[in-house]
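Colleague: I am new to this structure and would like to see how the labels are earned. Could you show it to me and take my questions one at a time?

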Amino acid sequence: MDGVLVSTEIYHFKAWKRLTETLGFSIDEKFNENLKGVSRSVCIDLILKHGGLEKTQEEKDVLAAQKNEWFLEYVNTEITPSNVYPGVINFLETLKQKGYKTAIGSASKNAPLLVEKLGIKKYFDAIVDGNMITKAKPNPEVFLKGAELIGVNPQNCVVFEDAISGVEAAKNGGMFCIGVGSAEILKKADFCINSFTQMSLERLNELA
Ligand code: G6P
């Protein structure tokens with residue numbers, strides 16, 4: 001969802017960056033690639049390691065809660081349905097018309113809130129979010145659960161992913177994976193697109 005269907009990845013980045021600055025260091029976009037698709041608790045561990053800091057679990061929980069408060073502040077003030085990426089709605093509508101099953105597989109605990117706010121819930125048969133999984137991507141749990149909920153064999157699923165860890169999760173689950181973003185970064189994807197404006201049912205059937 002984040003960074004694939006909607007431009008919310010930037011708000012995660014802004015909130016994490018703001019947090020690191022209160023801790024006396026900073027993160028850049030290159031480091032942020034490691035945070036994409038990764039659960040909040042794993043992100044905090046990666047960030048503290050990057051800054052050379054050690055914190056107790058209680059302190060980490062406080063930091064993660066602060067990040068989430070800032071993330072929600074950005075979401076509540078800045079997000080509207082216009083944040084859904086170009087081409088996404090057209091493609092989802094075609095999939096629905098043709099009877100394809102669709103699911104969101106997100107590490108985010110905020111996924112249900114965002115989906116509601118963006119008005120895209122109606123396009124999905126299932127939503128698997130960060131509250132429903134215990135193993136972070138690259139573990140395939142999130143996608144396998146989605147496949148199970150929509151009743152589709154993993155080998156017959158196509159995952160769209162913008163995160164390195166997410167591409168690995170899809171491949172670990174035995175699924176075809178289309179990277180949304182740079183092929184240089186998403187090296188393990190079966191194919192990459194820059195935007196859903198490049199995607200159609202015909203194209204999908206040619207590729208997968
Ligand atoms: C998504 C995003 C990550 C984010 C994670 C957890 O996978 O790509 O950047 O850290 O969700 O999000 P949450 O909203 O639960 O903190």
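Modeller: Let us start at the ligand, where a polar side-chain atom of N110 lies 2.7 Å from an oxygen atom of the ligand. Please keep in mind that this is a predicted model.

Colleague: What makes the approach of N110 to the ligand a polar contact?

Modeller: The cut-off is a pair of N or O atoms within 3.5 Å. A polar side-chain atom of N110 and an oxygen atom of the ligand are 2.7 Å apart, so the pair falls within the limit of 3.5 Å. R40 also places a polar side-chain atom 2.7 Å from a ligand oxygen. V38 uses its backbone instead, with an N or O atom 2.9 Å from an oxygen atom of the ligand.

Colleague: Which of the 14 residues around the ligand come nearest?

Modeller: Those are G37, R40, S108, K109 and N110.

Colleague: Why is the pair of F91 and F160 called edge-to-face?

Modeller: Two values decide it. The ring centres are 5.8 Å apart, and pairing asks for centres within 6.5 Å. The planes meet at 75°, and an angle over 60 degrees counts as edge-to-face, so the pair earns that name. F91 belongs to helix 5 (residues 88-97) and F160 to strand 3 (residues 158-161), so the pair links parts of the chain 69 residues apart. Both of these residues are buried. Together with F196 they form one aromatic cluster, and the structure holds four aromatic pairs.

Colleague: What else does F160 touch, apart from residues up to four places away in sequence?

Modeller: Its partners are V4, F91, I178, V180, I193, F196, M199 and L204. F160 is also among the residues that touch the most other members of the largest nonpolar core, which has 45 residues; M1, L5, W16, I120, F196 and M199 are the others. Elements giving two or more residues to this core include helix 1 (9-22), helix 4 (57-78), helix 5 and helix 9 (201-207). A second, separate core has 14 residues, including V142, F143, M175 and A189.

Colleague: How do you know that I178 is buried?

Modeller: Buried means under 20% relative accessible area. I178 is at 0%, so it counts as buried. I178 sits in strand 4. Beyond its neighbours within four places in sequence, I178 is in contact with V158, V159, F160, E161, F191, I193, M199, L204 and L207. Its C-alpha atom is 8.0 Å from that of V167, eleven residues away along the chain.

Colleague: And why is H12 called buried when its relative accessible area is 11%?

Modeller: The value need not be zero. The limit is 20%, and 11% is under it, so H12 is buried too. H12 lies in helix 1, where D2, K67 and F71 are its contacts beyond four places in sequence.

Colleague: What makes you say that K67 lies over the face of F71?

Modeller: The distance from the ring centre is 5.0 Å, set against a limit of 6 Å, with a direction within 35 degrees of the ring normal also required. K14 lies over the face of Y74 in the same sense, at 4.5 Å from the ring centre.

Colleague: Is L201 buried or exposed?

Modeller: With 8% relative accessible area, L201 is under the limit of 20%, so it is buried. L201 is in helix 9 and is in contact with F91, T94, L95, K98 and Y100, leaving aside neighbours within four places. The C-alpha atoms of L201 and L95 are 7.4 Å apart, although 106 residues separate them along the chain.

Colleague: Which residues are buried in helix 7?

Modeller: They are E141, V142, F143, G146, A147 and I150, and they pack against strand 1 (103-105), strand 2, strand 3 and helix 8. Just after helix 7, G151 has a positive phi of about 70°. In helix 8 (residues 164-172), the buried residues are S165, G166, V167, A169 and A170. These pack against helix 7, strand 3 and strand 4.

Colleague: What is the peptide bond from K137 to P138?

Modeller: It is cis, with omega near 20°. P138 is found in the loop between strand 2 (126-128) and helix 7.

Technical notes
Residues are numbered from 1 along each chain as its sequence is written. This is a predicted model: local features need pLDDT of at least 70, side-chain atom pairs count only at pLDDT 80 or more; totals for chains, interfaces and linings use all residues. Side-chain values use heavy atoms; hydrogens and water are left out. Rings of Phe, Tyr and Trp (its six-membered ring) pair if their centres lie within 6.5 Å; planes under 30 degrees apart count as stacked, over 60 as edge-to-face and the rest as tilted. Helices (H or I, at least four residues) and strands (E, at least two) are DSSP runs, numbered from the N terminus. Buried means under 20% relative accessible area, exposed over 50%, partly exposed in between (1.4 Å probe, protein chains only). Contact means heavy atoms within 4.5 Å. A nonpolar core is a set of buried Ala, Val, Leu, Ile, Met, Phe, Trp, Tyr and Cys residues joined through side-chain atoms within 4.5 Å. A residue is near a molecule or strand if one of its heavy atoms lies within 4 Å of it. A polar contact is a pair of N or O atoms within 3.5 Å; within protein, one must be able to donate a hydrogen and the other to accept it, and residues adjacent in sequence count only if both atoms are side-chain atoms.
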